Amino acid sequence: MTEEKDLSRLRIDRGAAGAQPARRRPTRTIVVAVVVAALSAVAGYFFLSNRVQEAEVATVTTAYPSQAFSLLNATGYVVAQRKAAVASKAAGRVEWLGVVEGSRVKEGDVIARLESRDVTASMEQAAAGVKVAEANLLQGRAELQDAESAYRRAKDLLGKAFISEASVDAAAARYNKARAGVAGFEAAVAVAKANLRVAQVAVDQTVIRAPFDGVVLTKSANVGDVVTPFSSALDTKGAVVTMADMSTLEVEADVSESNLAKVKVGQPCEVQLDALPGMRFRASVSRMVPTVDRSKATVLVKVQFVDKDPRILPDMTAKVAFLEKEVPQDQREPVTAVQPAAIVERKGRKVAFVVASGQARETPVQTAGTLGDLVRVANGLVPGQKVVLNPGENLRDGARVKTAQK
């Protein structure tokens, strides 16, 4: 009986056993929810980081403060005020050519020579003719001296009644004939010398010389080519070379009639050449051609360079900015500039998102005012970089972007 009573006391407290799991279930649910949220956040971060975002980009440029003084812009070409197609007045075959394209020559330097054996022979013949005429003149003067002496003696003898008047008349006639002969011989000498000068000119015309100091631009003939004054014959050349005086380079720009009031002689200008995009050259308005082009309604304005540079060549394309006033010396250097839409604020500082290798990198920048429609950048960006325009709040450092150039 005692054992039965002890066994009857053995019971399972199901209420106490079931209460413990009920208290642990909410804690486990919270932990699971936190883990899921963290994993979702991490997955979202990696998704956003790896997702390619489309972005409109612009290029950081180099600007000049002189843009603030610009009244008018025009395009044109560099030309040489002093330019010549050097040719020969004589016809002949090129025997020697001493220049090539780019050769610098001085006034009077020999550029080329033509075959000159025929004209040289004519000159030698003319020189011999001069000697013959001079010899005849000497003979004539000797005869004149003899006739003059005979005439004097005849007059003396006539005074002493030793000869007749007829003898004196004959001596006088001989004297006058000798004087006329000397005059003829002197004229013959002059003619012979003139013929010699003509022959010398013909020889000189076979030597082609530089008309002024300059640079050879083009070479139109080679050794062996036949050169004629007007290049009218088949397979002949006119000009041997074309040269220009580089010290007279200027820009010819077309200015619209409606903007002509903004331009005047002596006005300061700034010239930009397509061949040298990173440079600006000081210039001024030299003159205005007083004729209007009807087809284009423009006036030709000639701008001379103040800043000389050996890299400036004829026929270069040029952009001319007609300025309101001369640019101060401290504002002639270029500055870095960018569109205002590229700069935004993040955490109280100005930044720009630089695109490199397909990613946008947040870069702090310092600005230094405006320059026309652009913002001047003092630090942080360099010309040539690509920056995102109007970056949204969801654009983060290192985000992958697909660019669209503007």
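User: I'm looking at strands β18 and β23. In which sense do they pair, and over how many bridges?

Analyst: A quick heads-up: this is a predicted model. To read a pair of strands, check which way each one runs and then look for the bridges. Here β18 (residues 335–338) and β23 (residues 374–379) pair in the antiparallel sense over 3 bridges. You can pin that down to residues: T336 has V377 in β23 as its bridge partner.

User: Which sheet does that pair sit in, and what is the strand order?

Analyst: Follow the pairing from strand to strand. You get an open sheet of 4 strands in the order β2-β18-β23-β22, with antiparallel pairing. The edges are β2 (61–63) and β22 (366–371); each has a single partner strand, so one side of each is left without a neighbour in the sheet. From one strand to the next, the twist averages 45 degrees.

User: And where do the side chains of a strand point?

Analyst: In a regular strand, side chains alternate between the two faces of the sheet. Keep that in mind as you step along a strand on screen.

User: Which strands stand at the edges of the β4-β12-β9-β6 sheet?

Analyst: That one is also an open sheet of 4 strands with antiparallel pairing. Its edges are β4 (83–87) and β6 (104–105), each with a single partner strand, so one side of each lacks a neighbour in the sheet. Zoom in on β6: 2 bridges join β6 to β9 (residues 214–219), and the two run antiparallel. Opposite R104 you'll find V215 in β9.

User: What does β7 pair with?

Analyst: Take its partners one by one. Strand β5 (residues 92–97) is joined to β7 (residues 110–114) by 3 bridges, running antiparallel. In that pairing, W96 stands opposite R113 in β7. Then 3 bridges join β7 to β8, again antiparallel. There, V110 has R209 in β8 as its bridge partner.

User: Now the helices. How many residues does α4 have, and what span should they give?

Analyst: The trick is to multiply out the rise per residue and compare it with the distance between the ends. At 1.5 Å a residue, the 40 residues of α4 (residues 165–204) should span 58 Å, and the end C-alpha atoms are 58 Å apart, which agrees. Try α3 the same way: its 43 residues should span 63 Å, and its end C-alpha atoms are 63 Å apart, which agrees too. Just after α3, A161 takes a positive phi of about 65 degrees.

User: What do the buried residues of α4 pack against?

Analyst: First find which residues are buried, then see what touches them. In α4 the buried ones include V168, A171, Y175, V182 and L196. The buried residues of α4 pack against α3 (117–159) and β8 (207–209). Looking from the other helix, buried residues of α3 include V119, V130, L137 and L144, and what covers the buried residues of α3 includes α4.

User: How many aromatic pairs are there?

Analyst: There are 2 aromatic pairs in the structure. For each, read the distance between ring centres and the angle between the planes. Y151 and Y175 are stacked, at 5.8 Å centre to centre with 5 degrees between the planes. Y151 lies in α3 and Y175 in α4, so the pair ties together parts that are 24 residues apart in sequence.

User: Does Y151 count as buried or partly exposed?

Analyst: The cut-off for buried is under 20% relative accessible area. Y151 has 22% relative accessibility, so Y151 counts as partly exposed. Y175 has 16%, so Y175 counts as buried. The other pair, F281 and F305, is edge-to-face: 6.3 Å centre to centre and 85 degrees between the planes. F281 is in β15 and F305 in β16, so this pair also ties together parts 24 residues apart in sequence. Both F281 and F305 are buried.

User: Which residues touch the most other members of the largest nonpolar core?

Analyst: In soluble globular proteins, nonpolar side chains tend to be buried together. The largest nonpolar core here has 27 residues, and V78, V251, V271, L273, V303, V320 and F322 touch the most other members. Strands that each supply at least two residues of this core include β3 (70–80), β13 (249–256) and β15 (276–293). Apart from that core lies another, of 18 residues, among them A84, V99, V241 and M243.

User: What percentage of the chain counts as buried?

Analyst: Of its 406 residues, 33% count as buried. The chain has 4 helices and 25 strands.

Methods
Residues are numbered from 1 along each chain as its sequence is written. This is a predicted model: local features need pLDDT of at least 70, side-chain atom pairs count only at pLDDT 80 or more; totals for chains, interfaces and linings use all residues. Side-chain values use heavy atoms; hydrogens and water are left out. Two strands pair if DSSP finds at least two bridges between them. Axes are lines fitted to C-alpha atoms, for helices over the stretch in contact, and angles run from 0 to 180 degrees between N-to-C directions. A nonpolar core is a set of buried Ala, Val, Leu, Ile, Met, Phe, Trp, Tyr and Cys residues joined through side-chain atoms within 4.5 Å. Buried means under 20% relative accessible area, exposed over 50%, partly exposed in between (1.4 Å probe, protein chains only). The expected span of a helix is 1.5 Å times one less than its number of residues. Contact means heavy atoms within 4.5 Å. Rings of Phe, Tyr and Trp (its six-membered ring) pair if their centres lie within 6.5 Å; planes under 30 degrees apart count as stacked, over 60 as edge-to-face and the rest as tilted.
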